[in-house]
Amino acid sequence: MTTPLERWVDEQAKLCKPDKIHWCDGTEEEARRIVEIGIKEEKIGNTPVFQELNKEAWPDTYFHRSHPTDVARTEKLTFICHPDKETAGPNNNWMHPDEAKEKLRKLFDGCMKGRTMYVLPYMMGNPDSPYAKACIQITDISYVAVSMRIMTRMNKTAIKKIGNRDDFVKGLHSVADFDPNKRFIMHFPEEHLVWSIGSGYGGNALLGKKCFSLRIASYLGLKEGWLAEHMVILGIEDPKGNVTYMTAAMPSACGKTNLAMLESALPGYKVWILGDDIAWLNVGPDGRLWAINPETGLFGVAPGTSTKTNPNMLKTLKGKKFYPTLFTNTALNTDSNEPWWEGLDGDIPKNLIDWQGKPWRAGQETKAAHPNSRFTVSIYNAPTLSKEFDNPKGVPISAIILGSRRTKLIPLVVESFDWEHGVFMGVRIGSETTAAAIHKEGVLRRDPMAMLPFCGYNMGDYFRHWLNIGKKLKNPPKIYAVNWFKVDENGKFMWPGFGENIRVLEWIVKRTQNKVGAQDTALGRMPHLKALNMKGACVSAKELKKLFEVNPAEWKAEISDINKFLDQFGSHTPKEIRNQCKKLEDSFKKECAKVH
Ligand code: SAT
Ligand code: MN
């Protein structure tokens, strides 16, 4: 008797017509064999899929150069295929499931001829966790098979968990011929299914990541009463040894990974990492919010990673606990056969080739490493991994941090009055683009909860779902808006950031322990400046005050912009969120009246 899983794999094989089918067991020996195939047999154009790096400096570490058009997620080609367009919402590209399947079936037909089909059984979350999900991904490239071993718990347990069920999470992936015109990432939330073709890049191809753990999982969370969020999870240990767990959502280029791996500038504090990208949040039996990280790896941006910005990441990259570590589209030092990227410590090596393999000289206009070049490394290599990482229950969350990059407006830290007000803080998140992003510099992009590209259904309904989760929490986490990026009149950042951010986190920890007061303002609760531990920080009293300054005129424009953004969700936007806008507007009116 065949199982539904075997039948499904059989059907995909009939469609894709691979030469061979290999069911992965997720062992290290197998990963070594697949890497070997990537070095010796598989190629993208003329480039082998993997290249071994300097063994002494980077043991068990391999370099991958992608197809030149395949360097980032492609939101334009990413679709939510729900029968009802309104359910997908204005935040998603939509296609009817029948149309999507018809279109892609033609592209998948025979796409694996001459190739191996890898069947990857994997768990998102510890298999012993009530919150974990058993999944299967099919792929046709060694790079994805090996990356999935790093990023997920890939082993036969998933097959056992699936057993005779047919509602397991399914992902079909092929790089096909990397043609950007035939590249699609299609999500079928009702079927727990993803079809992805034409790309080998992280979020397009590692289907356990954004595709399942956020887009499909957010939809499951809506149906089942939990949240799938684009958040880091961290534990802050105070000098007494108490650990407070938090999650943090931030749009890209706000230092999310650096926060999860922060090295404290305050003596006695330690930050433990549990996750750098995704948190699944469930209401526990105790009425608290509990978080697990469904992933086991870090897929991070290389440029800008250094001993100054993230010393723990460099240690993680050199770690040897888990095979292997991958670099994608960095530059290469051809003398030493080591990866290199802009922002790495030390001098620029003399002999470099850029991410496309062309000789590169310092001062050249183009970057040596692709701005979105990445590392893929196991979280088990992190020297600061929390001992609770594998706890099937997850960790209880005391605070949710909502970050953004705003040169004005948002103070260094503000606590919400309550859950609803906190949800509003998340809904209104907007971040200014940096030069590193493809977009223009300094443009504001609204990105509620940093989930705009990842919410698998109508975001208006998502806001409502957040409000509903709050009603189920007897003991909800406190919610904070933070902003490390305010500038002075000369455009200079006033807050030093990085390890110094612990000063803000310390205040948050003390708030969750009811050990410190706060002052009510129109925006929320702010610290008494004396309550922030600024010993040894290079921030003047004047600057500190400015970091909390609020300009009502700026906020007037902001509120109108938020309202305009919300218009697109029509009647799906909860009235509570509109009321929060109104309340804020009114309190500024009152404050102005006081001043005049
Ligand atoms: O590829 S990921 O989506 O995981 C990373 C990113 O592009 O944001
Ligand atoms: Mn992310």
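Which helix gives the most to the lining of the second largest pocket? In this predicted model, that element is helix 2, with four residues in the lining. The pocket itself has a volume of about 310 Å³, and of the 15 residues that line this space, Ile37, Glu41, Glu42, Thr116 and Tyr118 are the closest to its centre. At least two lining residues come from each of strand 1 (20-23), helix 2 (28-40) and strand 8 (116-124). By residue class, the lining of the second largest pocket comprises eight charged, four nonpolar and three polar residues.

The confidence of the prediction was considered for the chain and for its elements. Across the protein chain the average pLDDT is 96, and 98% of the residues score at least 70. Confidence is lowest in helix 16 (residues 575-595), where the mean is 87, whereas strand 14 (residues 227-229) has the highest value, 99.

The interior of the protein was examined next. In soluble globular proteins, nonpolar side chains tend to be buried together. In the present model the largest nonpolar core contains 156 residues, and within this core Leu505 and Ile508 have the most contacts. When residues up to four places away in sequence are not counted, Leu505 touches Leu234, Ile236, Met246, Leu259, Leu262 and Ile401. A second core, separate from the other, has 31 residues, among them Leu5, Met95, Met112 and Ile162.

A further buried position is provided by Leu314, which is found in helix 10 (residues 311-317). Leu314 counts as buried because its relative accessibility is 14%, below the 20% cut-off. Apart from neighbours within four places in sequence, Leu314 is in contact with Thr305, Ser306, Thr307, Trp341, Leu344 and Asp345. Of these partners, Leu344 is 30 residues from Leu314 in sequence, while the C-alpha atoms of the two residues are 9.7 Å apart in space.

Empty space enclosed within the model was also surveyed. Rolling a probe the size of a water molecule over the atoms shows where empty space is left. Over the whole structure, six cavities of 30 Å³ or more are found, and the largest cavity holds about 100 Å³ of space. This cavity is lined by 16 residues, of which Ile292, Asn293, Phe389, Asn391 and Gly394 are the closest to its centre. The lining of the largest cavity divides into seven nonpolar, six polar and three charged residues, whereas eight charged residues are counted in the lining of the second largest pocket.

Finally, the backbone was inspected for unusual conformations. Most residues other than glycine have a negative phi, and most peptide bonds are trans. A cis peptide bond, with omega at about -15 degrees, joins Tyr323 and Pro324, and Pro324 lies in the loop that runs between helix 10 and strand 21 (325-328). Positive phi values occur at two further loop positions discussed here, His192 and Leu409. His192, which is not a glycine, has a phi of about 50 degrees and is placed in the loop between strand 12 (184-188) and strand 13 (193-197). With a relative accessible area of 19%, His192 is buried, since the cut-off for this class is under 20%. For Leu409, likewise a residue other than glycine, phi is near 70 degrees; Leu409 belongs to the loop between strand 27 (395-403) and strand 28 (413-415) and, at a relative accessible area of 10%, is buried.

Definitions and conventions
Residues numbered from 1 in each chain as written. Chains lettered and ligands numbered in written order. Predicted model: local features only at pLDDT ≥ 70, side-chain atom pairs only at ≥ 80, totals over all residues. Heavy atoms only, no water. pLDDT = per-residue confidence, 0-100. 1 Å grid on protein atoms, 1.4 Å probe; cavity = no way out; pocket = protein on both sides within 12 Å on 5 of 7 lines; lining within 4 Å. Points joined across faces, edges and corners; volume = space filled by probe spheres on them. Nonpolar A, V, L, I, M, F, W, Y, C, P; charged D, E, K, R; others polar. Core = buried A, V, L, I, M, F, W, Y, C linked by side-chain atoms within 4.5 Å. Buried < 20%, exposed > 50% of the residue type's maximum accessible area, 1.4 Å probe, protein only. Contact = heavy atoms within 4.5 Å.
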